[in-house]
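Here are my notes on the structure you sent round. Have it open while you read, since the points go site by site.

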Amino acid sequence: MIRNNQPLLKVHDLVVDYPTDEGNVRAVDHVSLELPNGEVLGVVGESGCGKSTLGFSLLRLLKGGIIRKGEIIFNGQDLGKLSEEKMQRLRGSEISMIFQASQNALNPLLKVENHFIDTLKKHNRWSEDSWNDVLRLLNRLEISKSRLADYPFLFSGGMQQRIVIALALLLHPKLIIADEPTTALDVLVQARTLKLFKELIEDFNLTVILITHDLGIVAEITQRVAIMYAGQLLEVGDTFTIFEKPAHPYTQALIAAIPNVKDETKKKLAHIPGLPPDLRNTPKGCRFADRCLYAIDICKSENPEFVTLASKNKIEHIVKCFKYDDRYNIRFR
Ligand SMILES: Nc1ncnc2c1ncn2[C@@H]1O[C@H](COP(=O)(O)OP(=O)(O)OP(=O)(O)O)[C@@H](O)[C@H]1O
Ligand SMILES: [Mg+2]
């Protein structure tokens, strides 16, 4: 794995809001993270916790949302300061996103081959060599050349998803944001698609942010996991540690509910009693306190800072919980 000193992506103190008539929804709430070259990061959390919003904000593709605060440094550039024109050039060629429910991303009126040709032309990369690249990539994703003149609706959901993955990889972007890339597919097709995606990640040494509900997928293809809850990260660490020694009570509850991560039937996020807070009106203290088995007074009145627990494979294990804060840990059961 190639590693240089500078992370490929550095997100610092990102805050993203959706102003609505019913109040301001804070979907990303002071999130910071770093992603080195060649690493696969899983972003995990319940529905509505802000995973897709985080992904969209990295590409400045928020619909109805505003980045209130924070910096996104990608490959040394501050994306917040780039012109929209430069951002457009960067999307697809340097950072690409596989959208949630992305089969819809294919244009029903455009033959599959034209999706590839248009993308190459848009980025001035159209040539005979690049077309050979397309054919090689599609071959890797098990899409036959003979089908390229067909329209998307003639393909199965799994094939459409593989076409979307091929489009995302086409220009060899440095970073791929994959938002639930296989969720819409049935279990067998999901497994096959994921296997092909994983092979491409390894062969091309891709840097990936994988957004998912599915801890089985996380265990299989990520090196690092960020646990997201109500717009905030609660815990980040290397994948092995997150599964073997989860520190945050929320992560512990998620992991405890999976007796065997490889068990297809048990890999979805567990149900934890209670609901996450309303993002229009989040509590002052820890976002998880109301559902936490260990919460003490301070958890409800103050928002904890991150505590560093250990490092493994150069990946810090950090947790946002008073239980690990030397000032308070004695008071926990
Ligand atoms: N355009 C919008 N206007 C107002 N609120 C929004 C908008 N888009 C998202 N939200 C709210 O922002 C929060 C985060 O949404 P987001 O789609 O990022 O969550 P998610 O973690 O990706 O969820 P899921 O797992 O269901 O895809 C949710 O509470 C959602 O209702
Ligand atoms: Mg989402």
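The points below take the metal site, then ligand 1, then the salt bridges.

1. A caveat to begin with: this is a predicted model, so please read every distance and area below as computed from predicted coordinates.

2. Start with the metal. The magnesium ion (ligand 2) is held by two side-chain atoms, OG of Ser-52 and OE1 of Gln-100, at 2.0 to 2.3 Å. These two residues come from distant parts of the chain, 48 residues apart. Ser-52 sits in helix α1 (residues 51-58), while Gln-100 belongs to the loop between β6 (95-98) and α3 (112-122).

3. Are those two magnesium partners buried or exposed? Ser-52 counts as buried because its relative accessibility is 16%, under the 20% cut-off. Gln-100, with a relative accessible area of 41%, is partly exposed.

4. Now ligand 1. There are 16 residues around it, and the ones that come nearest are Ser-47, Gly-48, Lys-51, Thr-53 and Gln-100. You will recognise Gln-100 from the magnesium site.

5. Which side chains put an N or O atom beside an oxygen of ligand 1? Ser-47 does so at 2.5 Å, Thr-53 at 2.5 Å and Lys-51 at 2.7 Å. As for cover, ligand 1 on its own exposes 640 Å², and the protein buries 66% of that area.

6. Where does the shell around ligand 1 come from? Helix α1 gives the most, with 3 residues. Strands β1 (9-20) and β2 (23-35), like α1, each supply at least two. Sorted by class, the shell has 8 polar, 5 nonpolar and 3 charged residues.

7. On to the salt bridges, of which the count is 19. The general idea is familiar: side chains of opposite charge can pair when their charged atoms come close. I'd look at the next few on screen.

8. Asp-29 pairs with Arg-287, and their closest N and O atoms are 2.4 Å apart. This salt bridge spans 258 residues of sequence, from strand β2, where Asp-29 lies, to the loop between α9 (249-256) and α10 (297-301), which holds Arg-287. Both Asp-29 and Arg-287 are buried.

9. The loop between α9 and α10 also holds Arg-291, whose side chain meets that of Glu-46 in a salt bridge at 3.2 Å, N to O. Glu-46 is in the loop between β3 (40-44) and α1, and 245 residues separate the two partners. Here again both residues, Arg-291 and Glu-46, are buried.

10. What about Glu-142 and Arg-192? They form a salt bridge, with the closest N and O atoms 2.4 Å apart. Glu-142 is in the loop between α4 (128-140) and α5 (157-169), and Arg-192 is in helix α6 (residues 187-203), 50 residues away along the chain. Glu-142 is partly exposed because its relative accessible area is 39%, between the 20% and 50% limits. Arg-192, at 32%, is partly exposed as well.

11. One last thing to look up: Asp-17, Arg-26 and Arg-68 are joined into one network by salt bridges that share partners.

Terms used
Residues are numbered from 1 along each chain as its sequence is written. Chains are lettered from A and ligands numbered from 1 in the order in which they are written. This is a predicted model: local features need pLDDT of at least 70, side-chain atom pairs count only at pLDDT 80 or more; totals for chains, interfaces and linings use all residues. Side-chain values use heavy atoms; hydrogens and water are left out. Donors are N, O and S atoms within 2.8 Å of the metal (3.2 Å for Na, K and Ca); water is not among the atoms, so sites may look incomplete. Helices (H or I, at least four residues) and strands (E, at least two) are DSSP runs, numbered from the N terminus. Buried means under 20% relative accessible area, exposed over 50%, partly exposed in between (1.4 Å probe, protein chains only). A residue is near a molecule or strand if one of its heavy atoms lies within 4 Å of it. A polar contact is a pair of N or O atoms within 3.5 Å; within protein, one must be able to donate a hydrogen and the other to accept it, and residues adjacent in sequence count only if both atoms are side-chain atoms. Accessible areas come from the Shrake-Rupley method with a 1.4 Å probe; for residues, only the protein chains shown count as cover. Ala, Val, Leu, Ile, Met, Phe, Trp, Tyr, Cys and Pro count as nonpolar, Asp, Glu, Lys and Arg as charged, and the others, Gly among them, as polar. A salt bridge is a side-chain nitrogen of Lys or Arg within 4 Å of a carboxyl oxygen of Asp or Glu.
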